[in-house]
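Good morning, colleagues. Please take a moment with the sequence and the model before I begin.

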Amino acid sequence: MGALRWVAALARRRPERVLGAAAGVALAVALLGSLGAFLASAKAQMTQRAVRQVAVDWQVEVQPGADPAAVLDAVSHAPGVRAAVPVGMGSAPGFEARSAGAVQTVQTTGPGVVVGLPPGYRTLFPGQVRTLAGADEGVLLAQQTAANLHAGPGDTVVLGGVGPVVVAGVVDLPQADSLFQKVGAPPGAQATAPPDNVLLLPLDQWRKLFPDGRTQVHARLDHRLPPDPAAAFTRTVGAAHRVEADLAGAGVVGDNLAATLDAARKDALYAEVLFILLGLPGAALAALLTRAVAVAGRDRRRRELALLRARGATVRQLQRLAGAEAAAVAVLGSGAGLLVAAVVGRAAFGSFTLGATGRAALVWAGLSVAFGSAVAIATVALPARREAASVSVAAARQSVGRAGLPRPLRYGLDGVLLAAAGLLFWASSRTKYNLVLAPEGVPTVSVNYWALAAPLLFSAGTGLLVWRVVETLLGRGGRVVRALVRPIAGRLSGPVASSLGRQRRALAAGVVLTALTVVFALSTAVFNTTYRQQVAVDALLTNGADVTVTATGPVDPARLAAVPGVKHVEPMQHRFVYVGADLQDMYGVDPNTIGSAGRLQDAYFNGGSARDVLARLRAQPDAALFSAETVADFQLHLGDRLRLRVRQAGTGKLVEVPFRYAGVAKEFPTAPTDSFVVANSAYVAAQTGDQSVNTWLLDAAGPSPRVVADRVRRVVGAAGTVTDIETSRRVVGSSLTAVDLAGLTKVELGYALV
């Protein structure tokens, strides 16, 4: 009861002492709780997005000689498998289409793949096939194949002498890369583009035409996975390994879900970066604020403890009172902090838990309360317990000696921290390390936690340096201080300067806290600005322009240019080329106009500015730009000639075309992250006999790119795919953070202001 009366008396007579310390604890609890919930929510949403992106979770390739029915039964009864169906894969030497109109026309094309789908396949895997024209079931032509054959619903297709079959519909295959992958091959071995010609048949009809074709088992898994992408990845990989072990060589699992979760777990590092860069410094500031409040009342606390000792209180009783005060500070601060975190989450993110699940929110609430209690114990209870054990009435009333520099400053810790931060910054810049990287629109993260230590060490070193400067100025710079306060204090500048000198320890602590708070706010603002700029650049590289049209059929550029809001239309060829045995993307461009249309930056190229490199393309028709990886792999030097294999129009055969190495392209609009080639479109068209253009970059003016994209879709119809930069920017940004970074920045700046 004595402890409770002591706390009640403090709340009544010294409310500023208890409430001030509780405010510091509340800030620490609220900040850690908010950022912890953000971290859990970001990871959970990354997992959910990764799962939604996958059309088929597993593709199990039945090995030669194995029984497809036995493989299907084993996969169907595997733990975690919701559904499994067989899918046929056959090869056709060529396709021939005969129109259904009054005038019979015949079109032929090269080899392709014929896929057999069982009934209900599109219901189980809705993201695999999308209808563009005609029926949803029956004989379905892929969009590119329909364009190659000039065929549609009602036309007849002969499969290299097998058939004929009547086309019921035209479809798009959004997940063609994974559907036609080499199952079981490592990611680096997936060096083949999806087939140009694809026909979908009912499985029973496919079996009659391809009795010796390959069989896959497509499986859908239970998506009730752990919210952390790393844990979800581990569970999925383990389940796939278990199935392969049960199959004993009869089947190989292509784990599409694990591949997507693998990328998500790497991107989840980004959320950890936010927590380290923004959460820990903020929590440390709140702890320092609590300590400053506790230190401000140290002298009065010493006198109160000495008075209690004089009235007969024992050391244990005094320590119990100090513990009660710390407990009150912890309870008040933790409760207020959790309430503030919930209110801020609701205001900034529309959720009291910032989007985190109830369990994750409770875990982080508990951790933040534990941290707040530790701050209260360290800043209130422990100093009071030490003073209770050593204080006496006489000692409490006298000041002995002159306060010198704090121990960290006497040992030069500020210089050590700044030097260490400088060394880490230097090491990071020498290796050209990017803390968070989303190159060419493909979000990936590479985190070196030693690089994260540099800004943290710099902040701590700066705070100590400010402390040294203020202590030195107020302690030894009496004339300077008198000159600074004279405009305000007038003839009292001398006494005021002396008073400031005696209180320099408390003043220095306040200045340091203010300086660190400013650094914290500036770092948050700079981080937000840098991130937004990076996302904008990545979105432009991903989409290529404000609006991009990827054509699979005839597209009239004049009609695109006539769309309201379209300022410029830039044609670009996208082909595939073999550099040695390596299949790479090739982009045929007009060097006179691509620079402004694609908003090419000097940083995209090595060995010269964007203008210089494009000038080389203009000067040499056979000039080509290669990625840095290709230049290193093939040991190229400027001016070297290479013979690349490009597919010729009409025959579809690979022909050798000479190119001259003219520079390095590190980035290019719509290009992949690894290897690609940029060449003159006129030269590529002349060498291959193919004048077609399948990509159009549209520069929008006036309305938003999304509005212009909607107008372009009405013009293009089923002949192409239209994307806009606003959607790409949202995809690039959310794939990394999975939440609204603007809301998080408001939270951080709000804490800094408080």
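I will go from the overall architecture to the nonpolar cores, then to one helix, and finally to the salt bridges.

What you see is a predicted model. The protein has 754 residues, and buried residues make up 46% of them. Its secondary structure comprises 28 helices and 23 strands. The accessible surface comes to about 36,000 Å², with 58% of that area belonging to carbon and sulfur atoms. As for the contacts, among those between residues at least 6 apart in sequence, 79% join residues at least 24 apart.

Let me turn to the interior. In soluble globular proteins, nonpolar side chains tend to be buried together. Here the largest nonpolar core holds 27 residues, and the members that touch the most others are Trp58, Val60, Val71 and Val75. At least two residues of this core come from each of α2 (15–53), β1 (58–62), α3 (68–76), β2 (81–92), β12 (214–221), α8 (229–247) and α9 (256–267). Which element supplies the largest share? That is α8, with 6 residues.

Val75 gives a view of this core from one position. Leaving aside residues up to four places away in sequence, Val75 touches Val60, Val81, Ala84, Val217, Ala219 and Val243. Apart from this core lies another, of 22 residues, and its members include Leu614, Ala662, Ala665 and Phe668.

Leu614 brings us to helix α23, where it is one of the buried residues; the others are Ala610, Val613 and Leu617. How are these four arranged around the axis? They cover an arc of only 95°, so they lie on the same side of α23. The general background is that an α-helix has 3.6 residues a turn, so residues three or four places apart point the same way. The face turned away from the buried side of α23 carries the exposed residues Arg611 and Ala619. On the buried side, the packing partners are α22, β17, β18 and β21 (676–680).

Within this helix I would single out Val613. Val613 has a relative accessible area of 0%, and it therefore counts as buried. Not counting residues up to four places away in sequence, Val613 touches Phe605, Gly608 and Leu625. From Val613 to Pro591 the C-alpha separation is 9.2 Å, and the two are 22 residues apart in sequence.

A brief remark on another helix, α18 (residues 478–489). A straight helix of 12 residues would span 16 Å at 1.5 Å a residue, yet α18 spans only 14 Å between its end C-alpha atoms. Just after α18 comes Gly490, with a positive phi of about 65°.

I come now to the charged pairs. Side chains of opposite charge can pair when their charged atoms come close. A search of the whole structure finds 12 salt bridges. One of them joins Arg599 to Asp546, at 2.6 Å from N to O. This pair links distant parts of the chain, 53 residues apart: Arg599 sits in the loop between α22 (594–597) and β17 (605–606), and Asp546 in the loop between α20 (504–543) and β14 (547–551). Are the two partners buried or exposed? Arg599 counts as partly exposed because its relative accessibility is 33%, whereas Asp546, at 7%, is buried. Asp546 and Arg599 also belong to a network of salt bridges that includes Asp699.

Another acidic residue, Asp622, lies in the loop between α23 (610–619) and β18 (623–626), and its pairing with Arg641 in strand β19 (residues 641–647) links parts of the chain 19 residues apart. In this salt bridge the N to O distance is 3.2 Å. Asp622 is buried, with a relative accessible area of 13%, while Arg641, at 49%, is partly exposed.

Asp622 also forms a salt bridge with Arg660, where the closest N and O atoms are 3.9 Å apart. Arg660 is in strand β20 (residues 654–665), and 38 residues separate the two positions in sequence. At 23% relative accessibility, Arg660 counts as partly exposed, because the boundary for a buried residue is under 20%.

To close, I return to two points for discussion: the 27-residue nonpolar core, and the paired Asp622, which meets both Arg641 and Arg660.

Terms used:
Residues numbered from 1 in each chain as written. Predicted model: local features only at pLDDT ≥ 70, side-chain atom pairs only at ≥ 80, totals over all residues. Heavy atoms only, no water. Core = buried A, V, L, I, M, F, W, Y, C linked by side-chain atoms within 4.5 Å. Buried < 20%, exposed > 50% of the residue type's maximum accessible area, 1.4 Å probe, protein only. Contact = heavy atoms within 4.5 Å. Salt bridge = Lys/Arg side-chain N within 4 Å of Asp/Glu carboxyl O. Areas by Shrake-Rupley, 256 points an atom, 1.4 Å probe, with all protein chains shown as cover. Expected span 1.5 Å × (residues − 1). Arc of directions from axis to C-beta.
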